[in-house]
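Trainee: I've got this one open on my screen and could use a walk-through. Can we take it piece by piece?

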Amino acid sequence: MPRNRRPQDREEKREEILAAAQRLFIDDGYESASMGQIAKHAGVTVNTIYWYFRDKDDLLIAVLDRLLAEALTQYATIADRPLGDRLLWAVDQLERLHGLVNTVHTRAPASPAVHAWHTGFHELADALVADDLRNAGAADADLPAMTAIGTFVIEGLLTHRRDDADKRAVIDLLVHQLTTVPTRT
């Protein structure tokens, strides 16, 4: 049952809804987490959720934005590490959120909003990797293909789980190939 009403800042209530949705989406999965369960865990009514979010996909995107902002803050603390270390860190973060990664890939074809979020995520990730590759001497003409290869490898590691030593070997070879192979000028 929702708690008794008390004066509450709109942003505070939104954060409580997001926190509840994030916990349920990660722990139980997007499909298993009903709006009713989210409302119960947030201490609000279902109708209250719809004051803040258009639908469940809008709530999912807000959770994804929240997680991405947290990850980018953490990423900033390791930005001076070698590219291979940062890619391994990204794989570990994505593995921790494996259920949400699958949800995004499943929902994207059916939801224009989730598709747009997914596209934006890949554009951001590609831009981060492209900057490193450009700094390593890669030709701009090769960057789209090189970042695509990086995405395929990372998504492959998420789909086909490997132990830490195998992941390190794959990422090290990827970085070596992407940063030392002569490219077109």
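Trainee: How far apart are the mean positions of the positive and negative charges of the protein?

Mentor: Keep in mind that this is a predicted model. Lys and Arg count as positive, Asp and Glu as negative. That gives 21 positive and 28 negative charges, and their mean positions are apart by 7 Å.

Trainee: Got it. How many helices and strands make up the secondary structure?

Mentor: Reading from the N terminus, the elements run α-α-α-α-α-α-α-α-α. So the tally, with helices taken as DSSP runs of at least four residues, is easy to write down. The secondary structure comes to zero strands and nine helices.

Trainee: Which helix gives the largest share of the largest nonpolar core?

Mentor: That core has 30 residues, and Ile17, Phe25, Ile38, Ile49, Phe53 and Leu59 touch the most other members. Helix 1 (10-27), helix 2 (35-42), helix 3 (46-52), helix 4 (56-78), helix 6 (98-107) and helix 7 (112-135) each put in at least two residues. The largest share is eight residues, and it comes from helix 4.

Trainee: And what is isoleucine 17 in contact with, leaving aside its neighbours within four places in sequence?

Mentor: Ile17 is one of the core residues that touch the most other members. Contact here takes heavy atoms within 4.5 Å. On that basis, its partners are Ile38, Ala42, Val44, Thr48, Ile49, Tyr52, Phe53 and Leu59.

Trainee: How many residues are in the other core that lies apart from it?

Mentor: Nonpolar side chains tend to be buried together in soluble globular proteins. Here a second group lies apart from the largest core, with Ala130, Ile171, Val175 and Leu178 among its members. Its size is 18 residues.

Trainee: Back to helix 2: within what arc do its buried residues fall?

Mentor: The buried ones are Met35, Ile38, Ala39 and Ala42. What covers them includes helix 1, helix 3 and helix 4. Looking down the axis of helix 2, they line one face of the helix, because they fall within an arc of 100°.

Trainee: Which residue follows helix 2 with a positive phi?

Mentor: Helix 2 covers 35-42. Right after it comes a residue whose phi is near 75°, and that is glycine 43.

Trainee: Last one: what percentage of the protein's residues count as buried?

Mentor: The cut-off for buried is under 20% relative accessible area. The accessible surface as a whole is about 10,600 Å², with 55% of it belonging to carbon and sulfur atoms. Of the 185 residues, the buried share is 39%.

Notes:
Residues are numbered from 1 along each chain as its sequence is written. This is a predicted model: local features need pLDDT of at least 70, side-chain atom pairs count only at pLDDT 80 or more; totals for chains, interfaces and linings use all residues. Side-chain values use heavy atoms; hydrogens and water are left out. A nonpolar core is a set of buried Ala, Val, Leu, Ile, Met, Phe, Trp, Tyr and Cys residues joined through side-chain atoms within 4.5 Å. Buried means under 20% relative accessible area, exposed over 50%, partly exposed in between (1.4 Å probe, protein chains only). The arc is that of the directions from the helix axis to the C-beta atoms. Accessible areas come from the Shrake-Rupley method with a 1.4 Å probe; for residues, only the protein chains shown count as cover. The place of a charge is taken as NZ of Lys, CZ of Arg, CG of Asp or CD of Glu.
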